[in-house]
Amino acid sequence: MNIPFLDNWRKRRGDAPGSPSASAAGESAGVAELLAECELLRVRAGQSGLELDDSPASLEALDQLPPRWRDDPEELPWLGNDAGLYLGTVIVRTIPGAVWNIWPDGHPVVRLASGREIRVVEAGVEWAGTGAPELSQVYAEAQEV
């Protein structure tokens, strides 16, 4: 699979694609760690006094923040992307059997144990732009499956 940002990540770690040290489990954990960074969202949440702890409760707290980011059209898509990745991180870390899946085009989605895939980035971008769907709502729907 040719995913540019993963190739760059592997280079930083010193792993070549397909090398013995680049095990599937290790790469999955590394990808999950990379996707969980969500730096812009974490900074903006922190400025509002909210520490993101990768819990479902933090999604509810994010839903309650005043959407000041909508005042900056350049930041909006980046924050929405981070919100989607954060949503995915919470799902993967708290719902048994949920894993990150990277499509061939490099698009990250969350695959539930049922096989259903959630397009978390799109949900995050919609949330940042309009407030709907709420991140906690998407999480609750993922938990029901």
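The exercises below, each with a worked solution, concern a predicted model of a protein chain.

**Exercise 1. The layout of the chain**

Task: Work out how many helices and strands the chain has, and in what order the elements run from the N terminus on.

Solution: Begin with the count, which gives seven helices and three strands. Next, follow the chain from the N terminus, where the elements run α-α-α-α-α-β-β-β-α-α. Finally, turn to burial: of the 145 residues of the chain, 43% count as buried.

**Exercise 2. The sheet**

Task: Find the order of the strands in the sheet, and explain which strands stand at the edges.

Solution: Start with the pairs of strands. Strand 1 is joined to strand 2 (residues 108-111) by four bridges, and these two strands run antiparallel; within this pair, V99 has R111 of strand 2 as its bridge partner. Strand 2 also pairs with strand 3, again in the antiparallel sense, over two bridges, and here R111 stands opposite E117 in strand 3. Putting the pairs together gives an open sheet of three strands in the order 1-2-3, with antiparallel pairing. Strand 1 and strand 3 (117-118) each have a single partner strand and stand at the edges, so one side of each is left without a neighbour in the sheet. As a last step, look at the hairpin of strand 1 and strand 2, where five residues lie between the strands and G106 takes a positive phi near 90 degrees.

**Exercise 3. The largest nonpolar core**

Task: Identify the residues with the most contacts inside the largest nonpolar core, and say which element gives the most to this core.

Solution: The largest nonpolar core has 34 residues, and those with the most contacts inside it are L41, L62, Y86, L87, I91 and W127. Several elements each supply at least two residues of this core, among them helix 2 (24-35), helix 5 (76-94) and strand 1 (99-102). Helix 5 gives the most, with seven residues. Now take L62 as an example: leaving aside its neighbours within four places in sequence, L62 is in contact with L41, A45, L50, L52, Y86, W127 and L135.

**Exercise 4. The two sides of helix 4**

Task: Decide which residues of helix 4 are buried, and explain why they line one face of the helix.

Solution: First, list the buried residues of helix 4, which are S58, L59, L62 and D63. Seen down the axis of helix 4, these buried residues fall within an arc of 150 degrees, so they line one face of the helix. The face turned away from this buried side carries the exposed residues A57 and Q64. What covers the buried residues of helix 4 includes helix 3, helix 5, helix 6 and helix 7.

**Exercise 5. The surroundings of V120**

Task: Determine whether V120 is buried or exposed, and find which residues V120 is in contact with.

Solution: V120 has its place in helix 6. Because its relative accessible area is 0%, V120 is buried. Leaving aside its neighbours within four places in sequence, V120 is in contact with G84, L87, G88, I91, W100, P108 and V110. The C-alpha atoms of V120 and V110 are separated by 6.9 Å, while the two residues are 10 residues apart along the chain.

**Exercise 6. A pocket**

Task: Name the residues that line the second largest pocket, and the element that gives the most to the lining.

Solution: This pocket has a volume of about 160 Å³. Its lining consists of L34, L35, L40, W78, N81, D82, L85 and P108. Helix 2 and helix 5 each supply at least two residues of the lining, and helix 5 gives the most, with four residues.

Notes
Residues are numbered from 1 along each chain as its sequence is written. This is a predicted model: local features need pLDDT of at least 70, side-chain atom pairs count only at pLDDT 80 or more; totals for chains, interfaces and linings use all residues. Side-chain values use heavy atoms; hydrogens and water are left out. A nonpolar core is a set of buried Ala, Val, Leu, Ile, Met, Phe, Trp, Tyr and Cys residues joined through side-chain atoms within 4.5 Å. Buried means under 20% relative accessible area, exposed over 50%, partly exposed in between (1.4 Å probe, protein chains only). Contact means heavy atoms within 4.5 Å. The arc is that of the directions from the helix axis to the C-beta atoms. Two strands pair if DSSP finds at least two bridges between them. On a 1 Å grid over the protein atoms alone, a cavity is a set of points where a 1.4 Å probe fits but cannot get out, and a pocket is an open set with protein on both sides within 12 Å along at least five of seven lines; lining residues have an atom within 4 Å of a point. Grid points are joined across faces, edges and corners, and a volume is the space filled by probe spheres set on the points.
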